[in-house]
Amino acid sequence: MNTELFTKNLFNKLEVLLGEKNWKSKTAQLLNISSDAFYKKIRNESQLNLHELLLIKDTFKISIDALLDESNLTAIFDCSEVMVPKTSYVHYLENILLNFVKTSNLKDIYVYYTSNEISLFQYFQFPYLSAFKLFIWAKTNWDIPTNVDLKTEINTLVKNEKVQDLLKNITSYYNSFPSTEIWSINILDNTLNQLKWFIESGELTNKELLNLIINDLEDLIQRNKTIMKNGIKLPNPITQKDTPFKVYFNEMTHTNNTILLKHSTGLITFITHDNPNFLSTTSERFGDFTNHWIQKLINKSENISGESEKSRNKYFSILEKKLEKFKNNFAIN
C-alpha cells in the first residue's frame with residue numbers, strides 16, 4: 001500500500017467531514033498535537049501513528065480497512081460485540097447506549113433495518129417483554145448467570161432502575177434516527193416459540209407473568225399500527241422533532257438481521273452473529289453492496305406505512321390472529 005496515497009485519501013475524508021476551513025485545526029486538536037506537527041503529516045514529512053489512526057477511525061467512523069485494501073474485496077469486521085463476554089445485563093445495555101451516543105454525533109444519519117424478527121430496540125420499549133428477551137439471551141447466548149427462576153429474574157429486571165433507565169435512553173436514541181425497516185410475516189414467531197418452550201418446559205407457569213408479557217406484545221403491535229399510519233416514530237424526547245419511519249412487508253424473500261447506517265461520510269453495516277450480537281464494518285464496498293441488496297428487497301416488498309392502509313390492516317390482522325391463536329392454545333386471558 002502506498003502510504004502517501006493512504007494518508008492523502010484519509011485527509012480528504014476528514015476535509016469532507018469537517019469542512020475545508022476547519023478540518024486541519026480540528027484534527028490537530030483531536031490528536032492533541034500542534035498545528036506544525038500536523039502540517040508535517042499533511043506534507044508527508046511524518047506519519048500518523050497507530051493510536052492516531054484508531055482515534056480518527058473511532059471518532060469519525062471512517063473505514064480504514066477500505067483505504068488499506070486496494071482491491072476493495074476485503075472487509076474488516078469489529079467482532080467485539082460477539083467475542084467480548086457479557087458479564088451483566090447492565091454491561092450489555094451500556095455498550096449499546098455507548099454506540100448510540102457515538103453514532104448520534106454523525107451527520108445526516110439514516111438507518112435501514114431488515115429482519116425476520118422485530119427490532120430488539122422495539123422490545124426495549126416494553127418492560128416485561130424486554131426483560132423476557134434479555135433473560136433468554138443471557139440463558140442461551142451470554143455468560144450471564146441465570147440461577148434464579150424466570151419469574152424472579154424478570155421481576156428483578158423490571159424493578160431494576162439502572163436497567164430500566166438504560167432501556168429508556170436506548171429507546172430515545174432509536175426513536176431519534178429516521179429509518180426504513182423491512183419486516184416478514186414471521187416477525188412474532190421467534191418470541192412466540194420461545195414463550196411456548198418456556199411454558200412447555202415448566203419454567204413459565206405463572207399466568208399473571210405470561211399475561212404481562214403477552215400484553216406487552218399486544219401493545220407493541222398496536223403501537224406499530226399507529227406509528228406506521230403516521231409515518232413517524234413516537235415523539236422523541238432528545239430532538240423534540242418527528243422522526244420519519246417507513247416499513248415494508250417482504251413476503252417472498254428471506255431476510256436476516258442486518259442494519260445499514262448511512263451518514264454524511266460513509267456507511268456502517270451491522271450483521272447478526274449469535275443473535276442479538278452484531279458484527280460491524282465500516283467498509284464502504286461492503287456497505288454499498290448491502291445498500292444495493294436492501295434496495296432490491298424494498299423493490300420486491302410492499303409498503304405498509306403511511307397511506308397504505310389496506311395493506312397495513314391486512315398485515316397486522318395476520319399478526320393479531322397469530323397472537324390470538326397462541327393465547328387460545330395456552331388459555332391466556
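**Asn22, the sheet and the nonpolar cores**

Asn22 is partly exposed, because its relative accessible area of 38% falls between the 20% and 50% cut-offs. The model is a predicted one. Asn22 sits in a loop, with helix H1 (3–18) on one side and helix H2 (23–31) on the other. Glu208 lies 186 residues from Asn22 in sequence. In space, the C-alpha atoms of Asn22 and Glu208 are 59 Å apart.

The strands were examined next. Seven of them, that is 7 strands, form an open sheet. Their order is S6-S5-S4-S1-S2-S3-S7, and the pairing is mixed. The edges are taken by strand S6 (278–281) and strand S7 (302–303). Each has a single partner strand, so one side of each is left without a neighbour in the sheet. Strand S1 (residues 110–114) pairs with strand S4 (residues 258–263). The sense is antiparallel, and 5 bridges join S1 and S4. Tyr113 stands opposite Ile259 of S4.

Nonpolar packing was then considered. In soluble globular proteins, nonpolar side chains tend to be buried together. Here the largest nonpolar core holds 69 residues. Leu120, Phe121, Phe124 and Leu195 have the most contacts inside this core. Another core, of 16 residues, lies apart from the largest one. Its members include Leu17, Trp23, Phe38 and Phe60.

Phe121 also leads back to the sheet residues. With residues up to four places away in sequence set aside, Phe121 touches Ile96, Phe100, Tyr113, Ile170, Thr171, Tyr174 and Ile259. Two of these contacts, Tyr113 and Ile259, are the residues that stand opposite each other across S1 and S4.

Technical notes: Residues numbered from 1 in each chain as written. Predicted model: local features only at pLDDT ≥ 70, side-chain atom pairs only at ≥ 80, totals over all residues. Heavy atoms only, no water. Helix = DSSP H or I, 4+ residues; strand = E, 2+ residues; numbered from the N terminus. Buried < 20%, exposed > 50% of the residue type's maximum accessible area, 1.4 Å probe, protein only. Core = buried A, V, L, I, M, F, W, Y, C linked by side-chain atoms within 4.5 Å. Contact = heavy atoms within 4.5 Å. Pairing = 2+ DSSP bridges.
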